[in-house]
Every structure is written in structure tokens, then in C-alpha cells.
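Please open the structure in a viewer and keep the selection tool at hand. The tour below proceeds stop by stop, naming what to select and what is to be found there.

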Amino acid sequence: MNTHAPKWLDNAIFYEIYPQSFLDTDGDGIGNIRGVTEKLDYIKELGCNAIWLNPCFASPFTDAGYDVADYCRVAERYGTNEDLAALFDAAHQRGMHVILDLVPGHTSVEHPWFKASMQPEKNEMSDRYIWTDSIWESVDCLPCLRGISQRDGSVAVNFFSTQPALNYGFYQPEKPWQQAMDAPGPLATREAMKDVMRFWLQMGCDGFRVDMAGSLVKNDPDGLGTIALWQDFRAFLDKEFPDAAMISEWGEPDKSLLGGFHMDFLLQFGPSHYNDLFRCDEPFFSRRGKGSAKEFIATYNKNVEKTNGKGLICIPSGNHDMDRMARRLDDDEMKIAFAFLLTMPGAPFLYYGDEIGLRHVENLTSVEGGYDRTGARSPMQWTKGLNAGFSSAPCNALYIAQDPNPDRPDVASHMADRTSLWREVQRLIGFRLAHSALQSNGSITFLTDSLPLCYLRRDETETILAVINPAAAPTSVTLDGITPTKLCCTTGASAEADGSTIRIDGATAAFFVV
Ligand code: NOJ
């Protein structure tokens, strides 16, 4: 990992919290920061030692808070800045860390910067966003908004039309209105974003998950401008907050790690083949045994080669943008999927609720820009009580409707059952934490790319062999030159080694000391 990486990332296991849907402590039907603080002991008991909190800032919520209207103020519905500071403190007291979601690529149309920028008269914010110099000219490289104010220009949007793109400049400006990265406007945007980071880091935040980190500089086909921009952000952090952890939503680790990020997310879209494992008609982790991990591993290996020594790739169990894993896999299949996820390099990210197989809630009307993502954002299910213990509000007042099924899973039942998915996730986290080779920085070598999936995790102290057979039928494999000595963990049924030949039951993951 790159030299600046904070030590705590070495064995970090993140729990992603969508604040709207975690725990509502004031009965208004929506989760809040105090709810997160109240559940820190729960998260710790599961074994996670770090939290990624989705955006919790003032916003009109046209994209669930990824449309920020004030970067330095907690949205009223979640509480206050003091509540967030108290969450940082409470986490630190427990040896845990909290990273916030930084959305540097765009703001909400309601951000005061944008309102000022829309004015026809030149002002301090005129260059904060990307405007053409005539309403009749579009932003050719991006979608744009036109006719929204008396300013004579079109303005670029970065995602939804309510999210105008901040101006960090163009790597290769081609038109008079395209500013260079070192023009005063783009430089001011950059400094403003440093102020945002400074504000939260001073308050006790431990770093950021950065939204659309690769999107900042425009006309930047090879990412060279965006990489340079992040290097400048990293230089600022090294000077003022050297322990700040930076994790990118970029999906091109060769670029993001060069930009100074410690870890880059493996994305569910683009060329990663991540969905082949968990989210397609025949996922690799299904007992049917018809899926394939070949292309996933080929792509993953290429990235590991490119990034070796510079940083890490982290693989989430899910997130607020994709279907719940439980949509395609049952609890037993998820146990095997977690045996894989929790023994991969880079910090694992567990999406709230995946530890109990929270289901994708079907047929929901979109809430706050969720669209088909809404079903993966439903409120956590804690107990068998009212609203599954999420909120004391009337059922129909919940932010998003919960799984209506009477047999919906809940935390209390899972914790009480020694054979539950929750218990298995807890046990696998314990296994990871007990073996440094399995943690963020241990190397990985895939020995096979089909059933059973075999890989070695290694560091200077130990080598662990993983043999994973998601399919229902038992199988065996001979791994020339490798002699497992001791079976140290299994999920599912059992496995045994005879010399270099390993026989493994169906729906089983086995780990051996080599
Ligand atoms: C990625 C976030 O994860 C997603 O939820 C959001 O809608 C877009 N970026 C835009 O910020």
C-alpha cells in the first residue's frame, strides 16, 4: 500500500451505512446520526471496525444526498454537526473509524455557489461551474442545463440534471469557455473542496469515500489531469492530515492509486465482471454451479498487476446503487460469498443488512432519486417488533417501505441462531482478523478460476490456501507443489487434504495453512 496509508487500514473492515435507513431514534420515520452512534456496539460485535457513512449533508435530496446544498452542515433530518462529532468520538473510543462521503464532482442546484453562479453579473462563483459562453452553445462533452437563469450560457451536469458539475478545468481546453486546470476559477474550486475536507477532518472524521473521483477534470481521456488534481489533494492531506484515509469510487485502480488514493472500489458497472459472481442469472456463488468466475479473475488479476505496491482494490458485498445480494443468493450461498469477500485483499465493505441477508424490496416507487436502487435502500430490520425495530413512526410514514414479508430476516433472530448468516459473517470476520495474511495487504495468487476456486493469501508470517466450492456437488482438486498442513476454517460442510489433493464438499469454503 502506498506510503501514506494510515495503519488502521491494514485490518479495516468497513460497514456501509445509508443513514436514512439504519435506525430512527426520534420517531420521524427516517434514520439519523444518533441511531448510528447507538448501534456502534452492534457493528463492533459483528466485527467491523470502520464505517462509511453515505452523504448526510444538507440537501434537497433529489439524489438521496449526493446533491449537496451545504458541504459543512449535517442535514437537519439526520441531526446536527454536534451529533456527527459525537459519532466520531464514540467510534474512536471503541477503536473504530468513520469515513464520510465526499461528493466533489457536483453540487445540488440549490447550493449557494450554484445560485450565485447562475447570476448574469460576474461574481466570485461565476467560474465555480462549467458554463459555455452562450445559451445557444451546449457543453459538448457532457449533458447540460439550459435556460435555467438569465445567465447567457449552458451549464454542465455531472449526473442527474439537478447536479451541476463543479469546475476543476479541462485537461485540454479546446473552446474559449473551457478553462485550463490552473485557471483561477478551477483553482478556487479545488481550494474550496480542500476547505470541506479540512472542516470534517478537524472535527474528527478519519477520511473519505470519494464519489465519482475520476470525473473531476473534463476532456481528460487518460485521466492525467484528474490524477494530478488528486495528487495535489493528497499533498494537502499529507501536510495537514497525513492519517486521512482516501477511498475512491473510480474503478480504475491504476489511475486512482497514482492519484494518492489508498484503495479503489471494484465497481459493479464497467469491465469488472463483479456481477458475474453475485448478481446475474447464474451467479458464480450459486449452488447451481453454472456461473463462471473466469472473466472476473482475469480482470482482477490484470488490475492487481497494475496496482501492485501502490495500493489496493476493495470489493463490497453490495451498496446503495446495486441490487441486494439476497436477490439472487440465499443465506447459505451468501455464507460462501462472504467466505470469499472476507478473505480478499483490500478492506472488505459490508453493506448494512447484508449480514442478515436483507432482501431487495421489490416493486417500490422510487424514493429521492433511488429509481431501481430503491429496493436496496430499505430500512434495517433489527427485531420482530414494530417496523422491525427501525422506527416508532407509523408504518406508512417510513422513508422507504420495508420488506412486507412476514418471514423477513431480523438482527435479533440472526444473533440468537448459532447457524445463521450473521453468525457466519461474524466468525469469518474473526478469522480474517486473526490472520494477517488475510488482511488488506497480504498478497493474492489465484491457482484456479473455476470450481473449486483456489487462491493463496500470503504475507511475511504465513500462507493461507482458500478452496471455495459454491456448487452443490462435492469436488476435488490437485494443486501441484502445494501441500496444505492444517485446515483452519470452514464455511458450509467440510474438506480434507491428502498431499496436494483437496476434496471438498458442496457449498463449502475451506481454508488451510500451507
Ligand atoms: C455514485 C453514488 O454512489 C450514487 O448513489 C450517486 O447517485 C452518484 N454517484 C452521483 O453522485
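Begin by selecting Asp-331, Met-334, Lys-335, Phe-338, Ala-339 and Leu-341 in helix 10, which meet Leu-421, Glu-424, Val-425, Leu-428 and Arg-432 in helix 12. By class, this contact holds seven nonpolar and four charged residues, with no polar ones. The model under inspection is a predicted one.

Next, display the two helices in full: helix 10 covers residues 331–341 and helix 12 covers residues 421–434. Their axes come within 10 Å and cross at roughly 15 degrees. Angles under 35 degrees count as roughly parallel, and helix 10 and helix 12 are therefore roughly parallel to each other. The crossing of this pair is right-handed.

**The nonpolar cores**

Remain with helix 10 for a moment, and add Phe-14, Tyr-15 and Phe-340 to the selection. Within the largest nonpolar core, which has 140 residues, these three touch the most other members. Helix 10 supplies the largest share of this core, namely seven residues. Another core lies apart from it and consists of 12 residues, including Cys-454, Leu-456, Ala-510 and Phe-512. As a general matter, nonpolar side chains in soluble globular proteins tend to be buried together.

**Helix 5 and its two partners**

Now select helix 5, residues 184–203, together with helix 6, residues 224–240. The axes of helix 5 and helix 6 come within 11 Å and cross at roughly 35 degrees. This crossing, too, should be viewed along the line between the helices; the crossing of helix 5 and helix 6 is right-handed.

To see the residues involved, select Arg-190, Met-193, Lys-194, Met-197, Arg-198 and Leu-201 in helix 5. They face a set in helix 6 made up of Leu-229, Trp-230, Asp-232, Phe-233, Phe-236, Leu-237 and Glu-240, and the two sets are in contact. Sorted by class, the contact comprises eight nonpolar and five charged residues, and no polar residue.

Keep helix 5 on display and add helix 3, residues 81–93. Here the axes lie 9 Å apart, and the helices pack at an angle of about 55 degrees. Helix 3 and helix 5 are therefore oblique to each other. On the helix 3 side, Asn-81, Leu-84, Ala-85 and Phe-88 take part, and they meet Phe-199, Trp-200 and Met-203 in helix 5. Six residues of this contact are nonpolar and one is polar, while none is charged.

**Backbone details in the loops**

Three stops concern the backbone. Select Met-212, in the loop between strand 8 (207–210) and helix 6. Although Met-212 is not a glycine, its phi is positive, at about 45 degrees.

Proceed to Tyr-371, in the loop between strand 12 (349–351) and helix 11 (411–416). Tyr-371 is likewise not a glycine, yet has a positive phi of about 45 degrees.

Then go to Pro-452, in the loop between strand 13 (443–446) and strand 14 (453–458). The peptide bond that joins Leu-451 to Pro-452 is cis, with omega about -10 degrees.

**Buried residues in the loops**

Return to the loop between strand 12 and helix 11 and select Val-367. Is this residue buried or exposed? Val-367 has a relative accessible area of 19%. Buried means under 20%, so Val-367 is buried. Not counting residues up to four places away in sequence, Val-367 touches Thr-374, Tyr-399 and Ile-400. For orientation, a distance may be drawn back to the first stop: the C-alpha atoms of Val-367 and Asp-331 are separated by 27 Å, and the two residues lie 36 residues apart along the chain.

Select Gln-268 next, in the loop between strand 10 (263–265) and helix 8 (275–278). Gln-268 counts as buried, at 14% relative accessibility. Beyond residues up to four places away in sequence, Gln-268 touches Tyr-274, Asn-275, Asn-319, Asp-321 and Met-322.

The last stop is His-435, in the loop between helix 12 and strand 13. With a relative accessible area of 15%, His-435 is buried. Which residues does His-435 touch, not counting those up to four places away in sequence? They are Glu-462 and Ile-464. Although 29 residues separate His-435 from Ile-464 in sequence, their C-alpha atoms are 8.8 Å apart in space.

Technical notes: Residues are numbered from 1 along each chain as its sequence is written. This is a predicted model: local features need pLDDT of at least 70, side-chain atom pairs count only at pLDDT 80 or more; totals for chains, interfaces and linings use all residues. Side-chain values use heavy atoms; hydrogens and water are left out. Axes are lines fitted to C-alpha atoms, for helices over the stretch in contact, and angles run from 0 to 180 degrees between N-to-C directions. Helices (H or I, at least four residues) and strands (E, at least two) are DSSP runs, numbered from the N terminus. Angles under 35 degrees count as roughly parallel, over 145 as roughly antiparallel, 65 to 115 as roughly perpendicular and the rest as oblique. A crossing is left-handed if the near helix is turned anticlockwise from the far one by less than a right angle, and right-handed if clockwise. Contact means heavy atoms within 4.5 Å. Ala, Val, Leu, Ile, Met, Phe, Trp, Tyr, Cys and Pro count as nonpolar, Asp, Glu, Lys and Arg as charged, and the others, Gly among them, as polar. A nonpolar core is a set of buried Ala, Val, Leu, Ile, Met, Phe, Trp, Tyr and Cys residues joined through side-chain atoms within 4.5 Å. Buried means under 20% relative accessible area, exposed over 50%, partly exposed in between (1.4 Å probe, protein chains only).
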